[in-house]
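Open the model in your viewer and keep the sequence panel beside it. The tour below goes from one selection to the next.

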Amino acid sequence: MLKETLNGLGVTLRQMFKKPVTVQYPEEKPQVPERYRGRIILTRDPSGEERCVACYLCSSACPVDCITISASEREDGRRLPEAFRINFNRCIFCGLCAEACPTLALQMTTDFEMAETDGRNLIYEKEDLLVDHGGKYPDYSFWDEAGVAVTHAMGHGKQDVPPSDPRSNLP
Amino acid sequence: MPEILFDGRKIAVPAGTNLVEAGLAAGVPVPVFCYHKDLGAVGSCRVCACTIKGADGKPPRTVMACMTAAADGMEVTTLDKASVDLRRYVVEWLMLNHPHDCPICDEGGECQLQDVTIACGHSQRRVPTMKRTFQNQFLGEFIQHEMNRCITCYRCERFYKDYAGGDDFGSTGSRDRVYFGRFEDGPLESPFSGNLVEMCPTGVFTDKLFRYKSRVWDLEIGHSVCPHCSVGCNVHPGSRFRELQRVRVRDNPAVNGVFLCDRGQFGHGYVMDPERPMTVRLQGESTSWDQALGTAGAELLGIARHAGPASIAFVTSARASVETHAALEGLAEESLAGSRIAHFDDPDREARALVALQALAAAGCPPLDQGDLAHVDVLLIAGAALVNEAPLAALAARQVARRGGKVFVLAPGETYLNDVATVIPAHPARLAAELGTVSAKLGDSNGAAADDPRLTLARALAAAKAPGILLGSDLVDGPAFQAGAALAKALAARGTAPRFGCVFPGPNGFGAAAMSAKPALPGILADLEAGKLQAMVLVECETSAWTPAQVEALKQLPLCVVLDYLPGPLHQAAGMFLPTEATYETDGSYVNRAGRLQAFARSRRIGVPVRADFQGSSFPRDYAVEPPLGDVRVAWRVLEQLRQAALGKAEARTLAELRAHIARTRPGWAPLRDIAPGSQGAMLELAVLAAPQGSLAAFPAAGSGLAVFRIDRTLGSEVLSRVAAPMRKMAGPPVALLSPADAKRLGIDGAGSIGITAGNRTVELAARVHPAVPEGTLLVPRDAELPHGLAQGAAANVAALAGAR
């Protein structure tokens, strides 16, 4: 009985001389890992254009259905979301959307400070989500790799050879 | 029946079944690209590899399932290493040149290539070579071309050229440069080009109207029936965010199979037309449903009391559902008993449909429905260039010829079947005589070679096991309907099993005719013009066939209630306008041209689409339970509510109650009780159906001037589909067709401009020479303006206009 009590007090005594683990948030900001799953952003490609092509993969991957998109076509043939909404009231920051994103547009950030007093402010529209950088992948441009003539003439993408002549029967 | 072991499952399949079909029977879907149940097997894609052994004593070997017939004792495996590896390599080399554009491809989500690629485990392109590319073509307003995605399965060409008979599309080039497209940019000419979207196993051909709108998994997809002609093809309308975004085919083997015409697939623009009236209006002011229905009910009752129910008329049309027709009849009861109902909005088409129904009953043989065309060996199409009136029937008729059957066309203006059919361009006024000649010659089998195509036709019909006779609508007069039925009867008397069918005007033309007791519209219109009417309720109909005096009299009526979903002059003229739901937005049923009852169900929540409510680049941030302008009601429910208001009924009948009422009170309509959307439909019992009264005069005999016939054209003349701009653009302006001899007489070389004079009015119209138009006739598309009062087949003075070409 006495032994157990002294053992317990010993643990307490030892802890008193250790460095405390408490972070003095918000005065002191915690260092979160680079791959932390915080606030979601929509990034831009190296030319400064929106990366998102409104493919709907994030919205279908989302287990809580918090992403709503409406796709549209710009005059130059670029596919873009005319509206893109994430309802952060519902979002569980699972990161499945970012994993699904084929154009690396949708990315998770380390920002977790999103608290609001009004839930309506947690409904983020496209302009709230768009940032002016490429996030973790500054160099990737989907349209240069896609084989579709939008940012370049047909056959002049990174993986393409110039258009072949379908009228030719030469070997 | 060979018995085979398919992946360990023992099944017996009919002899000659290929291993893909056998696999489906065994519950093993073998992956395919080039194989299609309606296009057959060509073995070009190499993805259906499987391993067989045991049938012929040879060692086990890997074969293409689509090219191998099941043989007794055969053991088939699809999951052995050799087959799996082969499929994986095939997919890998298909992916060598496939672009990396799935995220922006509209096929994504319903792409066979995507599915098979993932199923075969391919995820990384191991070869660092560059990808070959192609220039895409402009293929019109309906189809988007993206050739880089092609995997060379040849399905598009096999459908477009072989199955549908198109000649402006095909393949060129060699090795990995095989290219599918037109010789040069331009709209696809085949009226069945939309099927390329479904045929292509990947995204080379996609729906331009659906371009960059949604993923298939986000769509609300319903079971519906195409409202653009009387064939009654089954469709899946897909909508999202209250916007109807696309229409795709629903496989109904009894009707359309997996095909749809461009009118059906791309004619849905009227649903989302920005001009579409969506609000209840009373004397030009918007008002509430209760207010409007109460006013209308009270006024109807008042007019019935003071002026008598005979001064009230109800008119609907062949595009209104069976339930709407029945609900309208429910209005003419009790205090309103004695008011009149017309089930058609065009007197000519009313007479035509009633007489067609009489002919179907008189023929005494089973109706020739779309699915039955697959069993016909000799087909006679009389009085219609079928592709204009019932496009899918023309596609099925082409398959009769492709199967080795014979097709005869006894009509002017044939454009679609002339390469596979014997075309006899009969003058519509002589059609009855021509059919009589064929009937008379059925027994004429003396061995002399038949120079006369009519004799060939008679002999073919007499020798056929399952002859089919299909009459059109616009170019058939009363005697010709009777002659057609008599021909079917004569064939039956000779011991064959003929089938006889007619084309009806509108998707529910058969239903409207079966609901009618006798022609009612001419009387109503005469009374309207004479000022004897006080009130009219017009449900989903047009006044384009009415005279200007009748339309003017309509505007002067004390009470004019219009229920519709199309904008137009009627919507402007109506004292009271009640917006109704279009076919894809509602529940109801249609009866197709052979008497097949088919139910459709709502697939779109009506209201202003979310897209129209965007605030900049954001979705609307205000929330409401009811969508804006969402209170649009289905016509039959509005009529039931009007009945409540006018007749003091306790409550409006539901869909099931209405259907049960029709099934109970009308002989032959019993199947209506149990029809469900998404089924094959059920046939009305033609034998017990009450045949309507009515007659249709013969066309005037050829005289001076050209006999003018209004005809449909595949695209552009049908009232719903022509609302949207892409359809009008693809259809082009209406062009009248005339015979080479008449053209020569008028001094028109190939194409020109003509003036048509009747009465004291002249209209101008573009005209073109057509070799299969008989002398003395002028075929004018229904959407072209004609002098009013010009009856079908009546002679008009036609002169060439100088200048405009």
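Start inside chain B of this predicted model. Select B:Phe314, B:Leu435, B:Phe500, B:Phe510, B:Leu578 and B:Trp669: these have the most contacts inside the largest nonpolar core, a set of 96 residues. Add helix H9 of chain B, residues 347-363, which gives nine residues to this core, the most of any contributor.

Now centre on B:Trp669. With neighbours within four places in sequence left aside, its contacts include B:Val322, B:Gly511, B:Met515, B:Leu597 and B:Leu689. Another core, of 76 residues, lies apart from the one around this side chain. To find that second core, select B:Val235, B:Val400, B:Ala401 and B:Val409, which are among its members.

**The seven-stranded sheet**

Next, show the strands of chain B in the order S15-S14-S25-S24-S23-S16-S17, which form an open sheet with mixed pairing. Which strands stand at the edges? They are S15 (285-286) and S17 (340-342), each with a single partner strand, so one side of each has no neighbour in the sheet. Within the sheet, pick S23 (residues 535-539) and S24 (residues 559-564), which run parallel and are joined by five bridges. B:Met536 has B:Cys560 in S24(B) as its bridge partner.

**The start of chain B**

Move to strand S1 of chain B, residues 3-6. B:Ile4 and B:Phe6 are on its covered face, while B:Glu3 and B:Leu5 are on the uncovered one. In a regular strand, side chains alternate between the two faces of the sheet. S1(B) runs antiparallel to strand S2 of chain B (residues 9-12), with four bridges between them, and B:Ile4 stands opposite B:Ile11. The two strands make a hairpin with two residues between them, and B:Asp7 in the turn has a positive phi of about 50°. S1(B) also pairs with strand S5 of chain B (residues 75-77), here in the parallel sense over two bridges; B:Phe6 stands opposite B:Val76.

**Between the chains**

Display both chains and select the contact: 47 residues from chain A and 42 residues from chain B. About 3,700 Å² is buried between the chains, 52% of it on carbon and sulfur atoms. There are 26 residue pairs in polar contact between chain A and chain B. On the side of chain A that touches chain B, S2(A) gives the largest share, six residues.

Four salt bridges cross this interface. One joins A:Glu82 to B:Arg611, with the closest N and O atoms 2.5 Å apart. Another salt bridge pairs B:Arg621 with A:Glu125 at 2.7 Å, N to O. Both of its residues sit in loops, B:Arg621 between strand S27 and helix H19 of chain B, and A:Glu125 between strand S5 and H4 of chain A. Is A:Glu125 buried or exposed? At 2% relative accessibility, A:Glu125 is buried, whereas B:Arg621 is partly exposed at 31%.

**Salt bridges within chain B**

Finish with B:Glu333 and B:Arg643, whose closest N and O atoms are 3.0 Å apart in a salt bridge. B:Glu333 is in the loop between helix H8 and S17 of chain B and B:Arg643 is in helix H19, so the pair ties together parts 310 residues apart in sequence. B:Arg643 is buried at 7%; B:Glu333 is partly exposed at 25%. As a last selection, take A:Glu82, B:Lys213, B:Glu243 and B:Arg611, which salt bridges with shared partners join into one network.

Terms used:
Residues are numbered from 1 along each chain as its sequence is written. Chains are lettered from A and ligands numbered from 1 in the order in which they are written. This is a predicted model: local features need pLDDT of at least 70, side-chain atom pairs count only at pLDDT 80 or more; totals for chains, interfaces and linings use all residues. Side-chain values use heavy atoms; hydrogens and water are left out. Buried means under 20% relative accessible area, exposed over 50%, partly exposed in between (1.4 Å probe, protein chains only). Two strands pair if DSSP finds at least two bridges between them. A nonpolar core is a set of buried Ala, Val, Leu, Ile, Met, Phe, Trp, Tyr and Cys residues joined through side-chain atoms within 4.5 Å. Contact means heavy atoms within 4.5 Å. Buried area is the accessible area (1.4 Å probe) that two parts lose on being put together, summed over both. A salt bridge is a side-chain nitrogen of Lys or Arg within 4 Å of a carboxyl oxygen of Asp or Glu. A polar contact is a pair of N or O atoms within 3.5 Å; within protein, one must be able to donate a hydrogen and the other to accept it, and residues adjacent in sequence count only if both atoms are side-chain atoms.
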